[in-house]
Amino acid sequence: MSSAGDALTEPAPGEPLDRGSLTSAMESANLPTLVVVLHQLTGDPRWLADPYRPTRGRGMDDNDDGGFAEPVRAEIRAAAVDAVLAWSAGRQPAVPAPTGAFLVELMSLAVGEPVPAEYEAMAAEDMGFRTPKPVRAVAPGTGFRVVVIGAGLSGLLAAIRLREAGISCVVLEKNDDVGGTWLENRYPGAGVDTPSHLYSFSFAPKQWTTHFGKRDEVLAYLREVADRYDLRGMIRFGTEAAGAAYDARRQRWTVRTTAGEELEANAVITAVGVLNRPKVPDLPGLGDFRGPIFHSARWPADLDITGKRVAVVGTGASAMQIVPAIAGQAAHVTVFQRSPQWVAPNAVYFEPIPDGVQLLMERVPFYRRWYRTRLAWTMNDKVHPSLQIDPEWQHPERSVNTINDSHRRYFTRYLMTVLDGRDDLVKKALPDYPPFGKRMLLDNGWFAALRRDDVDLLTEAVAAITPTRVRTVDGTEVDADVVVICTGFETYRFLHPLDLRGRDGQSVQEVWGPENADAYLGISVPGFPNLFLIGGPGTVLGHGGSYITIAESEVRYTVEALTGMAERGIGALEVRPEVYADYARRHDEAHARMIWSHPGMGNWYRNRAGRVVSALPWRIVDYWTMTRHVHWDDFTTEPAR
Ligand code: NAP
């Protein structure tokens with residue numbers, strides 16, 4: 001937990017607060033959040049009991065009114081105004097940093113259902129109620145140096161933490177700016193479908209303007225972080241790493257850039273992203289198309305699609321954002337679907353965060369932290385149990401268990417409602433595989449766009465591109481001025497196209513095979529000492545939550561390993577092959593019981609042989625716990641030479 005980040009944004013007493021604006025802001029407060037804040041500020045036990053105990057939220061809903069009757073809502077709001085004003089005038093919070101069983105009690109109160117005690121440690125650190133043991137700074141002058149590859153969110157995070165630990169580091173970034181995927185993906189409609197307050201570093205909260213940040217705001221946030229932590233001086237922009245080789249004798253990595261430059265380092269951290277290298281199908285005629293034809297992540301900066309006939313290939317998360325954003329501006333949009341997608345409704349997807357909430361986040365102590373913790377509970381692990389295959393389940397073709405089946409009914413009802421009167425579209429858009437089998441998508445206007453007269457949905461596979469058309473396998477040809485290829489990324493070719501060579505000179509791709517990556521905790525590979533993967537195999541969140549939580553765990557673990565190496569005089573740290581193999585076995589066993597192994601659909605979590613290589617099979621709290629500390633017995637070490 002960085003005090004620097006907190007100090008900039010955490011409310012501080014002493015600044016005058018106006019009763020009128022606070023009172024009106026309370027009208028848009030999330031009341032379950034407010035009840036806990038009230039207890040922290042006042043210490044009054046009555047806020048922990050009925051009638052002030054909120055109900056449990058339904059689905060992804062924020063449960064803003066907490067299920068309270070109106071008089072109780074008014075009472076909570078009025079008491080909160082008094083408590084916040086008293087705090088602002090100098091009264092200390094009665095319960096400034098709850099931890100242990102009491103924190104779990106407060107969490108259970110906030111979410112309206114029992115929270116298992118195992119979430120305490122993760123929540124206490126995320127909320128800043130318990131400061132983790134600081135990583136010991138490496139003594140200056142040791143010459144210990146790390147190369148980080150990539151200045152997307154993981155690379156920026158690594159740079160922040162390495163500097164805090166006193167470890168010298170240089171970040172290589174192929175682009176001319178920070179942001180990684182958020183810099184590259186500038187297609188119309190691009191944004192996150194993780195709620196903004198979760199898609200933020202725990203130590204660097206932001207006043208998000210919308211519940212689901214759009215690309216420009218997310219990119220601005222990452223730029224802000226880079227500036228606030230003064231990272232740009234550590235980054236070599238326009239410098240692409242081509243590969244790296246480990247010299248076992250010297251215990252050093254040599255990183256090679258595409259320009260032929262070589263940099264030496266004790267350790268290398270890859271932060272290259274899973275969704276970075278576009279996957280473009282090898283369609284006949286692709287190169288002959290006369291107009292603009294490009295992957296969604298390569299949207300031309302100067303492209304104006306006004307009045308153009310646009311063909312969109314694919315119906316994943318990218319297409320689902322592009323189509324509603326361009327429908328109406330383009331003359332016509334034709335969507336080429338290979339498989340339909342399950343799509344969930346979300347009431348606040350496009351909603352701005354009201355001014356009142358902004359004020360509460362900014363000025364009310366603990367409010368933002370509890371709001372985020374509630375979101376984390378709703379969005380992170382809650383769905384994980386429902387993704388386990390029930391071997392006794394009677395309808396394995398359509399769902400994997402009773403709850404998954406009820407999710408299916410819920411999403412189907414939603415689809416039938418939004419496509420009411422359009423049986424033609426229902427037939428094309430209703431998936432036959434279990435919901436969550438592919439990455440779940442949020443409805444950002446997708447169905448409304450499909451209903452438009454100027455949007456067509458075709459379900460025949462694309463066979464070829466001609467100079468002016470897209471041809472499907474049944475011979476249909478569709479005229480197009482622009483073709484957008486939304487076919488995803490090289491998700492199971494981890495680290496591709498980096499040529500990383502370990503102790504024996506073998507490349508990591510040779511060790512894994514082309515699509516079968518593995519890493520202990522997603523981080524370490526035997527034969528590759530002092531190499532740390534951020535966003536490595538088996539760390540993608542398929543069940544919910546925010547990649548940032550995973551990245552923070554990975555980076556914390558990596559920096560603990562690096563400072564430990566420096567402290568203990570270790571020159572080479574290498575995961576034991578048996579530890580790696582055992583982890584891969586447990587990973588595969590866990591996946592065999594999970595939905596992404598279901599044969600009814602393809603998804604980008606598993607490779608063409610059917611093995612899930614990208615997604616994390618465990619809950620976020622499990623991964624957080626596994627990576628909380630380095631277990632030195634998992635590694636072989638060599639003293640530094
Ligand atoms: P994706 O989810 O992998 O979707 C690729 C789409 O292209 C699928 O519909 C796929 O069909 C289709 N496709 C692939 N190869 C094809 C081929 N040869 N012919 C015809 N269709 C083909 O890719 P994406 O939409 O770029 O998204 C990737 C990931 O990026 C997302 O899952 C998400 O994690 C992230 N993302 C997130 C957001 C967001 O937060 N809203 C937005 C964009 C991206 P099949 O389904 O049949 O394979």
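This text walks through the domains, the ligand site, two sheets and a few unusual backbone spots. The model is a predicted one.

Start with the overall layout. The domain assignment divides the protein into domain 1 (3–133), domain 2 (145–277 + 491–639) and domain 3 (286–342 + 384–485). Domain 2 is written as two stretches, 145–277 and 491–639. Domain 3 is likewise written as two, 286–342 and 384–485. The centres of domain 1 and domain 3, taken over C-alpha atoms, are 41 Å apart.

Now turn to the ligand. Its shell takes at least three residues from domain 2 and at least three from domain 3. There are 22 residues around the ligand, and those that come nearest are Thr315, Ser318, Ser339, Lys438 and Trp604. By character, the shell splits into 8 nonpolar, 10 polar and 4 charged residues.

Several polar contacts can be picked out. In serine 318, a side-chain N or O atom sits 2.7 Å from a ligand oxygen. Arginine 338 places a polar side-chain atom 3.0 Å from an oxygen atom of the ligand. Glycine 316 contributes through its backbone: a polar atom there is 3.4 Å from a ligand oxygen. How much of the ligand does the protein cover? On its own, the ligand has 900 Å² of accessible area, and the protein covers 84% of that.

Next come the sheets. Strands of a sheet pair through backbone hydrogen bonds, and the pairing can be parallel or antiparallel.

One open sheet has 4 strands, in the order β6-β5-β4-β18, with mixed pairing. Why is one side of β6 and of β18 left without a neighbour in the sheet? β6 (262–265) and β18 (499–501) stand at the edges, and each has a single partner strand, so one side of each stays unpaired. Neighbouring strands in this sheet are turned by 15° against each other on average, direction ignored. Look at β4 (residues 241–247) and β5 (residues 252–257). These two strands run antiparallel and are joined by 6 bridges. One pair to find on the structure is aspartate 247 with its bridge partner in β5, arginine 252.

Another open sheet has 3 strands, in the order β14-β15-β16, and its pairing is antiparallel. Here β14 (462–465) and β16 (477–479) are the edge strands, each pairing on one side only. The twist from one strand to the next averages 25°.

Follow this sheet strand by strand. β14 and β15 make a hairpin, with 3 residues between them. The two run antiparallel, joined by 3 bridges. Isoleucine 465 faces valine 470 of β15 across this pairing. On the other side, β15 (residues 469–472) pairs with β16 over 3 bridges, again in the antiparallel sense. Arginine 471 stands opposite glutamate 477 of β16.

Finally, check the backbone. Most residues other than glycine have a negative phi, and most peptide bonds are trans. Some spots in this model depart from that pattern.

Begin in the loop between α3 (31–42) and α4 (70–88), where proline 51 lies. The peptide bond from aspartate 50 to proline 51 is cis, with omega near 5°. Asparagine 63 is found in the loop between α3 and α4 as well. Asparagine 63 is not a glycine, yet its phi is positive, at about 55°.

A further cis bond leads back to the first sheet described. The peptide bond from histidine 496 to proline 497 is cis, with omega near 5°. Where does proline 497 lie? Proline 497 is in the loop between β17 (482–485) and β18. That β18 is an edge strand of the β6-β5-β4-β18 sheet.

Conventions. Residues are numbered from 1 along each chain as its sequence is written. This is a predicted model: local features need pLDDT of at least 70, side-chain atom pairs count only at pLDDT 80 or more; totals for chains, interfaces and linings use all residues. Side-chain values use heavy atoms; hydrogens and water are left out. Two strands pair if DSSP finds at least two bridges between them. Axes are lines fitted to C-alpha atoms, for helices over the stretch in contact, and angles run from 0 to 180 degrees between N-to-C directions. A residue is near a molecule or strand if one of its heavy atoms lies within 4 Å of it. A polar contact is a pair of N or O atoms within 3.5 Å; within protein, one must be able to donate a hydrogen and the other to accept it, and residues adjacent in sequence count only if both atoms are side-chain atoms. Accessible areas come from the Shrake-Rupley method with a 1.4 Å probe; for residues, only the protein chains shown count as cover. Ala, Val, Leu, Ile, Met, Phe, Trp, Tyr, Cys and Pro count as nonpolar, Asp, Glu, Lys and Arg as charged, and the others, Gly among them, as polar. Domain bounds come from an automatic or database domain assignment.
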